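Student: I should like to learn how to read strands, ring pairs and charged groups in a protein model. May we work through one example together?

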Amino acid sequence: MTTSGGGEAANGVPGLGGRGGGLDHSTRKLVRVWVDGCFDMVHFGHANALRQAKQMGDVLVVGVHSDEEISKHKGPPVFTEEERYKMVRAIKWVDEVVESAPYVTTIETLDEYGCDFCVHGDDITTTADGVDTYHLVKAVGRYQECPRTQGISTTDLVGRMLLVTKSHHERDETKGPDKISLQNIGQDQLARSPYTGTSQFLPSTKRIAQFSSGKEPRVGERIVYVAGAFDLFHIGHLDFLEKVRQEAGEYIIVGIHTDPVVNQYKGSNYPIMNLHERVLSVLTNRYVSEVVIGAPYSVTPQLMDHFKVDIVCHGKTPICADVDGNDPYAEPRRRGKFRTIGSGNSVTTEAIVNRIIKHRLDYEERNRKKEEKELRIIESKDDG
């Protein structure tokens with residue numbers, strides 16, 4: 001296993017080893033919290049668990065399982081281990097990342113990285129043999145739980161993407177597949193397990209506030225505006241934002257387009273995540289300072305003036321004209337404040353969907369096995 005820092009992260013909360021409480025920080029031992037997982041298709045549900053874990057201490061150490069371990073116990077991951085390591089490092093509550101963390105959390109692992117206890121959501125995680133992966137740390141009282149984020153899971157996202165077959169990419173809705181016959185792919189409405197199945201995600205101002213940094217630009221910081229769908233926030237988006245931070249400016253404002261706007265320029269199957277899901281996913285990123293919810297597709301003079309934008313950046317993906325046929329970046333170009341920045345990464349949302357479709361049967365089987373294991377555990381608890 002290897003470890004590395006995640007960079008600047010948020011402080012904890014009073015009473016749980018974090019900031020406040022009148023404690024002498026020069027003498028008090030820092031509380032180190034361990035969280036581990038696959039973190040495949042990192043979404044705001046993962047990030048919310050990390051946010052809650054961070055509040056229980058001072059330093060958040062995140063162990064990420066290898067491709068080999070995930071394939072053995074759960075099924076093939078969507079993202080490679082290197083992609084997953086980088087995605088987790090970029091979550092703003094993460095302080096350190098441990099690569100190739102063991103699938104079963106051991107006391108020795110906690111001790112090796114100086115962690116006081118382990119935190120996990122209140123769902124079920126088991127090995128290929130159906131053994132609770134946290135049974136060892138639970139036995140010695142070094143385990144705590146945080147509530148799982150309702151309405152989002154990797155299993156559900158995979159199911160949504162599996163509905164996007166090649167025929168379903170047709171803009172003509174009549175050429176799409178029968179959604180009812182495919183509904184069970186994502187293990188959503190028809191799922192019997194409360195952990196594999198998902199409920200509808202209900203956005204709230206409280207959740208957005210929890211994810212927001214609330215930071216104003218500091219004196220001298222360049223204010224950068226970027227906009228897009230940011231659907232299934234992935235390694236390509238991350239690399240783009242990292243490049244923007246390095247080359248354009250420190251204070252990055254991300255405009256997130258509405259679902260109808262994204263649907264208009266990307267086709268009838270997109271976005272896969274709705275507006276509020278996409279907003280929360282972007283807000284987890286340590287490079288993002290502010291998000292404009294439902295940003296206009298064309299960058300307007302009012303938007304640039306209101307946010308005092310110094311430069312507007314776009315990646316090297318094609319730019320679609322607005323509904324009136326005009327260039328959506330006409331205004332920043334006119335002001336001499338437009339720049340194209342390449343991410344150096346070819347991964348797109350469409351590429352991820354294609355990964356899923358290519359290995360469709362594997363992911364269907366993965367979802368089925370996961371649900372069966374969860375149901376066996378639930379039934380054994382009921383019998384007990």
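Student: Which residues of S8 lie on one side and which on the other, and are they buried or exposed?

Tutor: Please note at the outset that the model is predicted. As a general idea, side chains in a regular strand alternate between the two faces of the sheet. In this case, Tyr251, Ile253 and Gly255 are on one side of S8, while Ile252, Val254 and Ile256 are on the other. Residues on both sides are buried, and both faces of the strand are thus covered.

Student: What does this imply for strand S8 as a whole?

Tutor: Strand S8 spans residues 251-256, and 6 of its 6 residues are buried, so the rest of the structure largely encloses it.

Student: Which strands pair with S8, and in which sense?

Tutor: Strand S7 (residues 223-228) runs parallel to S8 and is joined to it by 6 bridges. Within this pairing, glycine 228 stands opposite isoleucine 256. Strand S9 (residues 288-293) also pairs with S8 in the parallel sense, over 5 bridges. There, isoleucine 252 of S8 faces valine 288 of S9 as its opposite residue.

Student: Which helix joins S7 and S8 in a β-α-β unit, and what is its handedness?

Tutor: Helix H9 (residues 235-247) makes up the unit together with S7 and S8, and the unit is right-handed.

Student: Let us turn to the rings. How many aromatic pairs does a search of the whole structure find?

Tutor: The search finds 6 aromatic pairs. One of them is formed by tryptophan 93 and phenylalanine 211. To classify a pair, one examines the angle between the planes, and a value over 60 degrees counts as edge-to-face. Here the planes stand at 75° and the ring centres are 5.3 Å apart, so the pair is edge-to-face.

Student: Where do these two residues lie, and why does the pair tie together parts far along the sequence?

Tutor: Tryptophan 93 belongs to the loop between helix H3 (81-89) and strand S4 (96-99), whereas phenylalanine 211 is in helix H8 (residues 205-211); the pair therefore ties together parts 118 residues apart in sequence. Tryptophan 93 is buried, at 5% relative accessible area, and phenylalanine 211 is buried as well, at 0% relative accessibility.

Student: Which charged residues lie over the face of a ring?

Tutor: Lysine 266 lies over the face of tyrosine 270, 5.2 Å from the ring centre. Arginine 333 is placed over the face of phenylalanine 338, at 4.3 Å from the ring centre.

Terms used. Residues are numbered from 1 along each chain as its sequence is written. This is a predicted model: local features need pLDDT of at least 70, side-chain atom pairs count only at pLDDT 80 or more; totals for chains, interfaces and linings use all residues. Side-chain values use heavy atoms; hydrogens and water are left out. Rings of Phe, Tyr and Trp (its six-membered ring) pair if their centres lie within 6.5 Å; planes under 30 degrees apart count as stacked, over 60 as edge-to-face and the rest as tilted. Helices (H or I, at least four residues) and strands (E, at least two) are DSSP runs, numbered from the N terminus. Buried means under 20% relative accessible area, exposed over 50%, partly exposed in between (1.4 Å probe, protein chains only). A charge sits over a ring if NZ of Lys or CZ of Arg is within 6 Å of the ring centre and within 35 degrees of the ring normal. Two strands pair if DSSP finds at least two bridges between them. A crossover is right-handed if, with the strands pointing away from the viewer, the path from the first strand over the helix to the second runs clockwise.
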